[in-house]
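Biologist: I would like a close look at one part of this model. Please take me through the salt bridges, and then set them in the whole protein.

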Amino acid sequence: MKLTAANETAKEVFETWPVPRALAKMAIPTIISQLIALVYNVADTWFIGQTDNPYMVAASALVLTVFLMTTGIANLFGVGGGSLVVRLLGRNDEDEAKKVASLSLVMAAAASLAFSILCFLFMNPLLRLLGASAETIGFARQYLMFVVVIGCLPTVLANTMSSMVRNIGYSREAGFGLGMGGILNVILDPIFMFVVLPDGYQVLGAAVATMLSNFITFLYFIFIYKRLEGKTVLALPHSIEKIRRESMGSLFSVGLPAAMSLLLFDLCNMVINRLASGHGDIELAAIGIVLKVERLPLNIGIGICLGMTPLVAYNCASKNYERMKDFFRTARRAGLVISVLCVALYRICAPYIIGAFISDTDTVRFGTQFLQSRCFATPFMFLSFHMVHFMQAVDRGKVSFQLAVIRQLCLNIPILLMMNVLFGMSGIVWTQLTADLVNVVISYVIYARLIGGIAPDPRDRNMDK
């Protein structure tokens, strides 16, 4: 049987459907899954917050930065491999696409196991480095053990498989899998936190619930792979495939920047937590809640970008440059509308949003101030990672990595350190707007210089034939 990217309808989405309709078909399931994933990430914080114990909330915020590293590993092979697979399909090189998809899963499994072992061996030094205090380190150890040490492999493989499934045109199946995991976590959280385990072990209960939901999500994607085997390029690996040298280079040229972009983002959050912990555990708990709450527009934006990425990659590979640019512009408009609406929401409703997580008066007061300030950065944050996703889609991994380095290492972290010294906790809060405003300007200057090489002018199209 001849392998195809997806069924005939899915191929039409890439090639002929109107751009807004095609983007909606690919992005809406992904946005829904991102929102449900956000719910289950926020659920742990919300349920833990019901204890009114800011030390428990602070501990979960600390471990979140380590947990996000598992997504970085998944991005390395899911974004790198998935983006390459869809470009190979756009060039009708299906045999190589099948090998790349298989090898990506094998490498993701190996990398996740190595990360689990390292976190187990260096657990205490890692948590101390992140800013754990005597009051929070015990809770943080519980959360890290189950969510990362034990749960890393199923989490990484589920996210890698989701990227592969989405990139070949099955966005609905990919979205359902991640969404199902989120719903399960919301259901299991209160069961393990308040029924199964005794009082004082709520953080452990949240960790076990997250681990189990990710494992069940992994089993779901194994089922999806089995169902798609023979009809697509996806199949569960039975051996270690050998791919062409240029394919391996392309996989890592996009995958490494995608992973590093998230890891640098995670590093920035680690710095925020570390600096905030110097101002007190209450401030750390408050900024931990804010960092989760502000992910509403960011996760919607990521869903839009993830829906855009395979459409841009496919049309770039098939040299349909005008359609590629239309997807880029349409996704940008949609993301900006969502971002502006969320700025208004957070400015008006911040006290009620923070109060829904915890009733501790000081934590609510600080969290309200932090959220009302940081929300102004939301549109610029979207524009920053929208540009990174576009560069990944058009096989400009080096440029996407440079943009991530500029944003985090050259702007965010140095400005954080400086603003903390000058203005204390308020400086930490306002850093995101300052850094991303500058980053967007730099990103679009780079884009303007490169777009001619990525997508030639339509008047020159005949020269490509």
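Modeller: What follows goes from single charged pairs to the whole chain. Keep in mind that this is a predicted model.

Start with the general idea. Side chains of opposite charge can pair when their charged atoms come close. In this protein, nine salt bridges are counted.

Look at Arg 244 and Asp 93. Their side chains form a salt bridge, with N and O 2.6 Å apart. Arg 244 sits in the loop between helix H9 (202–228) and helix H10 (245–277), while Asp 93 sits in the loop between helix H3 (54–90) and helix H4 (94–121). The two are 151 residues apart in sequence, so this pair ties together distant stretches of it. Is each partner buried or exposed? Arg 244 is partly exposed, at 34% relative accessible area. Asp 93 is also partly exposed, at 22%.

This pair has company. Asp 93, Glu 96, Arg 244 and Glu 246 are joined into one network by salt bridges that share partners.

Now move to Glu 173 and Arg 227. These two make a salt bridge as well, and their closest N and O atoms are 3.3 Å apart. Glu 173 belongs to helix H8 (residues 171–196) and Arg 227 to helix H9. The pair links distant parts of the chain, 54 residues apart. Here the partners differ in cover. Glu 173 has a relative accessible area of 13% and is buried, because buried means under 20%. Arg 227, at 37%, is partly exposed.

A third pair is local. Arg 365 and Asp 362 meet in a salt bridge, at 3.3 Å from N to O. Both lie in helix H14 (residues 361–374). They are three residues apart, which is about one turn of the helix. Arg 365 is partly exposed at 41%, and so is Asp 362 at 36%.

Now step back to the whole protein. It has 17 helices and zero strands. Its radius of gyration is 22 Å, close to the 23 Å that the globule rule gives for 465 residues, so the protein is as compact as a globular protein of that length. Its C-alpha atoms fill a box of roughly 65 × 45 × 35 Å along the principal axes. Of the 465 residues, 61% count as buried.

Contacts across the sequence are part of the picture too. Among contacts with a separation of 6 or more, 83% come from residues 24 or more positions apart.

Last, the charges overall. There are 37 positive and 29 negative side chains. The centres of these two sets lie 7 Å apart.

Notes. Residues numbered from 1 in each chain as written. Predicted model: local features only at pLDDT ≥ 70, side-chain atom pairs only at ≥ 80, totals over all residues. Heavy atoms only, no water. Salt bridge = Lys/Arg side-chain N within 4 Å of Asp/Glu carboxyl O. Helix = DSSP H or I, 4+ residues; strand = E, 2+ residues; numbered from the N terminus. Buried < 20%, exposed > 50% of the residue type's maximum accessible area, 1.4 Å probe, protein only. Rg over C-alpha atoms; globule rule 2.2 N^0.38 Å. Contact = heavy atoms within 4.5 Å. Lys, Arg positive; Asp, Glu negative; His and termini not counted. Charge placed at Lys NZ, Arg CZ, Asp CG, Glu CD.
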